[in-house]
Amino acid sequence: MRKKKSRALLLFNIIAFSVVVIGAVLLCIFVFFKVGNVTFTSDAGYDEADIRRVCGINEGDNLVLLETESREKVLEHRFPYIENAKIVKHIPSTIEIEITPAETAFSVACDAGYLYVSASGKVLEIASQPCEGTTVVLGANATNTKPSETITFGDDSVKEVYNAIAEQMTKNETQNVTEINMTNPYDLTLTYDNRITFRFGNMNGMSYKMAFGLEMLRQMETSGEITEETVGSIDLSVVPEKNKAFYEEDRNAASATPAPGDAAGRTDGTDSTANGDGENGDTANPTGDTDGITDPAADDSGDNTDDSGDNTDDSGDNTGDAENV
């Protein structure tokens, strides 16, 4: 009988102690952990009072129970130039609002002018002129022009092309793309630094074409074949099928006379190319492979064999030599 009473008393004491502990915790939560200070990490150019008002955080709010995710989304939607917002709680009484400003990466032509768009695809604003230092996109037919929304296009294939180019630009940290022209879906072009034109042909294999072209350009710049003054074009239209690209220097750039070639700017095969078979005086595939589905960053040290029989310079040919790719 005494053992039963002892066990019951012990159980009662445990329960009472637990109630006291829980009560103390709740007391701390509801009484002591109150919002007393709100700090900001960057502001994207917006007034801190406006940010604080929109996210609805006030002094005296319960810090522990304060919901943050929905407030972060509200800030990102309400302020176009906030790319990301993060609300961090610091016990006992501080809220930190971390702001990542959005930066204009593209100026997309539309009926109303130009959409300023971040690298992630967020529409920032509409303006009458392109944003200085950004990539101008032509012929994309943007259908969503609302600030803070994600840019959309009337054609899914255009969306794929845009996303593929934007992804490769971000991945390769390419900052000098001047223009992307999608007006003609069979002659898509990209202009690098106002002087080197990538000719993609149609929309097929855009991600690989873009990666191939950027790697080829990098290698030619490293070798010195392309300098800061060089004007020319890289034809990437057959990269997915033949794993080769054609480089042609425009030595008459000052007179703006187009080099001989077809409507897509391709030459008759006597120009310099990048592949892996030495055909037509061409050079190794800059990806270091020949299967057409390689990593453009792959080592090509084994592919740059110089074919002395193919490197003859034709003084009557306006084509630049890409032998050092």
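What share of the contacts in the protein chain with a separation of 6 or more is accounted for by residues 24 or more positions apart? In this predicted model, the share comes to 54%. The protein chain has 325 residues, of which 41% are buried, and its secondary structure consists of 6 helices and 13 strands. The area exposed by the chain is about 17500 Å², with 50% of it supplied by carbon and sulfur atoms.

Helix H3 spans residues 69–78, and its buried residues are Arg 71, Glu 72 and Leu 75. Viewed along the axis of H3, the buried residues fall within an arc of 105° and therefore line one face of the helix. An α-helix has 3.6 residues a turn, so residues three or four places apart point the same way. The cover over the buried residues of H3 includes helix H2, strand E2 (82–90) and strand E3 (94–101).

Leu 75, which is located in H3, has a relative accessible area of 0% and is buried. When neighbours within four places in sequence are left aside, the contacts of Leu 75 are Ile 51, Val 54, Cys 55, Ile 82, Ala 85 and Ile 97. Val 54 lies 21 residues from Leu 75 along the chain, and the C-alpha atoms of the two are separated by 6.8 Å. Cys 55, another contact of Leu 75, is buried as well, at a relative accessible area of 4%. Cys 131, in contrast, is partly exposed, its relative accessibility being 23%. A disulfide is a covalent bond between the sulfur atoms of two cysteines. A search of the whole structure returns 0 disulfides.

At the surface, Val 64, Leu 65 and Ile 91 make a nonpolar patch of about 270 Å². Val 64 is placed in the loop between H2 (48–55) and H3. With a relative accessible area of 32%, Val 64 counts as partly exposed, because the partly exposed class runs from 20% to 50%. Ile 91, a further member of the patch, is joined to Pro 92 by a cis peptide bond with omega of about 15°. Pro 92 is found in the loop between E2 and E3, the two strands that are among the elements covering the buried residues of H3.

Side chains of opposite charge can pair when their charged atoms come close. The whole structure contains 7 salt bridges. One of them is formed by Arg 199 and Asp 187, whose closest N and O atoms are 3.4 Å apart. Arg 199 lies in strand E10 (residues 196–201) and Asp 187 in the loop between strand E8 (177–181) and strand E9 (188–192), so the pair ties together parts that are 12 residues apart in sequence. Arg 199 is partly exposed, at a relative accessible area of 23%, whereas Asp 187 is buried, at 17%.

Arg 195 takes part in two further pairings. With Asp 193, Arg 195 forms a salt bridge in which the closest N and O atoms are 2.8 Å apart. With Glu 221, the side chain of Arg 195 meets in a salt bridge of 4.0 Å, N to O. The latter pair links distant parts of the chain, since Glu 221 belongs to helix H5 (residues 206–223) and Arg 195 to the loop between E9 and E10, 26 residues apart. Through shared partners, the salt bridges join Asp 193, Arg 195 and Glu 221 into one network. Within this network, Arg 195 is buried, with a relative accessible area of 9%. Glu 221 is partly exposed at 32% relative accessibility, and Asp 193 is partly exposed at 33%.

Most residues other than glycine have a negative phi, and most peptide bonds are trans. Asp 193, placed in the loop between E9 and E10, has a positive phi near 55°. Asn 243 also has a positive phi, near 55°. The location of Asn 243 is the loop between helix H6 (239–242) and strand E12 (245–249). Asn 243 is buried, with a relative accessible area of 3%, while Asp 193 counts as partly exposed at 33% relative accessibility.

Note on methods
Residues numbered from 1 in each chain as written. Predicted model: local features only at pLDDT ≥ 70, side-chain atom pairs only at ≥ 80, totals over all residues. Heavy atoms only, no water. Patch = residues over 30% accessible without salt bridge, like charges linked within 9 Å, V, L, I, M, F, W, Y side chains within 5 Å. Areas by Shrake-Rupley, 256 points an atom, 1.4 Å probe, with all protein chains shown as cover. Helix = DSSP H or I, 4+ residues; strand = E, 2+ residues; numbered from the N terminus. Buried < 20%, exposed > 50% of the residue type's maximum accessible area, 1.4 Å probe, protein only. Arc of directions from axis to C-beta. Contact = heavy atoms within 4.5 Å. Disulfide = S-S within 2.5 Å.
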